[in-house]
Amino acid sequence: IQEAVNVQQVLESYSSELLLMVSKAMDARPGVLDLLHFCGYQLPEEQQQFDAAVLASVRSQDFATVERMSKLGFSLHDFAGRQQVELSPLLQKGLQDLCESAVVSEEEGPDAGKDSSEGVTSSTSAIRRLAQIDRRMLELHFESREFLEFAHTLMSSKDFIKMRQLVEVHPYTFRPYFEKNYKAMEELLLDAFCRRQIALIIDLTSLRLPIAPFLQSHQERLDVVLQESWFASKAWTELVMLRLEVKDFDFGAFFQRTCEQIDFAVMGIIQDGYWFDLHKLAQLDFDFDKFFDRRFAEVSTAVMQFMTMPHPHFVLLRELSALRFPWDRFMEEHGHCVLSSKDPEYLQFLISLGSFEVGSKVYRVVEQTCKLYHSMATTMFSSPAVEAAPEVATAEPSQAVSRVASVSKGPGPCGPNSPSQSSDPAIKAPEKSAAAKASTMARAKELARLARLRQIDSKKVMALLICRGMYCWNPLKAFAEDAESDGKDSRVWSQIESVLNFLEAKDELPQVPGLPPQPPL
């Protein structure tokens, strides 16, 4: 029918009749309004004749009729301007009730609305419904003296819970207030930056405060504050929140403006070995690729120090690898120094091992290792199969693992009924000690062989270096000759024994009854 008949010409021919039809249909037959909207009918620009009917619908909360009129082209924004005296008390009451309902919900939880009065609930839903139909209807009210005073009261008390509720209804609720009080808002925001009050900065940003002009006009002052206060005190939590929540602040441009000062600070972090600070700095979009290119000589000097010192700082070296430090370029220029260091084989072993967990993934290894330790402790102290729990509680960790492994094997040739236990312990003690030492020597040689072939589980090696603190443990030098050369350094054997027990703990650890098997590292 629409293709066969020029509907628009028909609607224009009967414009006066259609206006009368709309006026009568608002009260009696609202379905006619839907039919007119379907036919493409739009009200003319002169719409004052419908103000009384629309105002009555708003007061009675007949929002279906208001929405139908809006679809027919009735401008609720112009209507609010013509009827501001009548609408302003209704809108203000609805906004205040909305704020109060937000406080009740925050304090009493999800069941708080059950005890709310019908009036508060009704006015609150009315405001939300009007905003859904056409939120421009509220904009003129935000410029009224009554609302500006109300906004000033909320801002003075920093009641951001209530203010965020208003912003949910209309994102630019406080734009007129900010425009009128922008000087005071600038001072408040600048003071928040100086005091590192990141929560206040985020709250103001959530109210759609135009922060971009503020950042532009106070750029030099903010750069100094961030350098001397935020970065100097390593306020990483506040800095990361600033990057995530304040989208208008560009850390990349900030780093470019303060390149020399930030480079000096980053070099201090590297020289001091604070790998965690590097990890946090990477979350701020700091360009480490360009930094390494600019400061390659200084960074290489620090790296050489950490590689050739008596106890190399491999945690920092792995973090630099995660930040894409140019190892190839470094080895080309400083490879001869690496080869002449204390443990060249081990250094090459670490650099060439490409399957290490680096950066933030270290925490996953730590978490898995903690689970392994908890499982070991639960097995040793809670398992009914372990009868010597009091003794294990006072033993060394390596001895405890050995006892658990021996108990889990069950009775054998040396069990409780074995004839060998009836002999003199003093006679058997040297033989047992020699046998244990020979077994450890054999296991140490096997460990060194696997290390040369790079067949040791890299996650286990990482867990040793991170969780056990063995930053300078060298699997390539775990030979018995190093331990029995002069007998002066007994720590070598204790370290080898601890390493072996740790690496074999996953395979030898018995499972706790009633608990699921532990996942491998």
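These legends describe a predicted model of a protein, first as a whole and then in several close-up views. Residues are numbered from 1 along each chain as its sequence is written, and side-chain values use heavy atoms, with hydrogens and water left out. Local features need pLDDT of at least 70 and side-chain atom pairs count only at pLDDT 80 or more, while totals for chains, interfaces and linings use all residues.

**Figure 1. The whole protein has 32 helices and zero strands.** Helices (H or I, at least four residues) and strands (E, at least two) are DSSP runs, numbered from the N terminus. Of the 521 residues, 41% are buried; buried means under 20% relative accessible area, exposed over 50%, and partly exposed in between (1.4 Å probe, protein chains only). The accessible surface comes to about 28,700 Å², and 52% of that surface belongs to carbon and sulfur atoms. Such areas come from the Shrake-Rupley method with a 1.4 Å probe, and for residues only the protein chains shown count as cover. Among contacts (heavy atoms within 4.5 Å) between residues at least 6 apart in sequence, 74% join residues at least 24 apart.

**Figure 2. Two stretches have pLDDT below 50.** The predictor's confidence in each residue is given as pLDDT, from 0 to 100. Its mean over the protein is 75, and 62% of the residues reach 70 or more. Over residues 380-423 pLDDT stays under 50, and the model has 37 contacts beyond four places in sequence for this stretch. Residues 506-516 also have pLDDT below 50, with 21 contacts in the model beyond near neighbours in sequence.

**Figure 3. Helix α19 packs against helix α20.** The axes of α19 (residues 259-272) and α20 are 8 Å apart, at an angle of about 145 degrees. Axes are lines fitted to C-alpha atoms, for helices over the stretch in contact, and angles run from 0 to 180 degrees between N-to-C directions. Val266, Ile269 and Ile270 of α19 meet Asp277, Leu278 and Leu281 of α20. By class, this contact has five nonpolar, no polar and one charged residues. Ala, Val, Leu, Ile, Met, Phe, Trp, Tyr, Cys and Pro count as nonpolar, Asp, Glu, Lys and Arg as charged, and the others, Gly among them, as polar.

**Figure 4. Leu278 lies in helix α20 (residues 275-282).** Leu278 counts as buried because its relative accessibility is 0%. Beyond four places in sequence, the contacts of Leu278 include Phe288, Leu316, Glu319, Leu320 and Leu323. The C-alpha atoms of Leu278 and Val266 are 7.8 Å apart, though the two residues are twelve apart along the chain.

**Figure 5. Two of the aromatic pairs differ in ring angle.** The structure holds 28 aromatic pairs. Rings of Phe, Tyr and Trp (its six-membered ring) pair if their centres lie within 6.5 Å; planes under 30 degrees apart count as stacked, over 60 as edge-to-face and the rest as tilted. The rings of Phe74 and Phe79 are tilted because their planes stand at 55 degrees, with centres 5.7 Å apart. Both Phe74 and Phe79 are buried. Phe231 and Phe254 are stacked because their planes are at 15 degrees, with centres 5.8 Å apart. Phe231 is in helix α16 (residues 219-231) and Phe254 in helix α18 (residues 251-257), so this pair ties together parts 23 residues apart in sequence.

**Figure 6. Asp51 is in contact with Phe74 and Phe79.** Asp51 lies in helix α4 (residues 51-59) and is buried, with a relative accessible area of 5%. Beyond four places in sequence, Asp51 also contacts Arg82 and Gln83.
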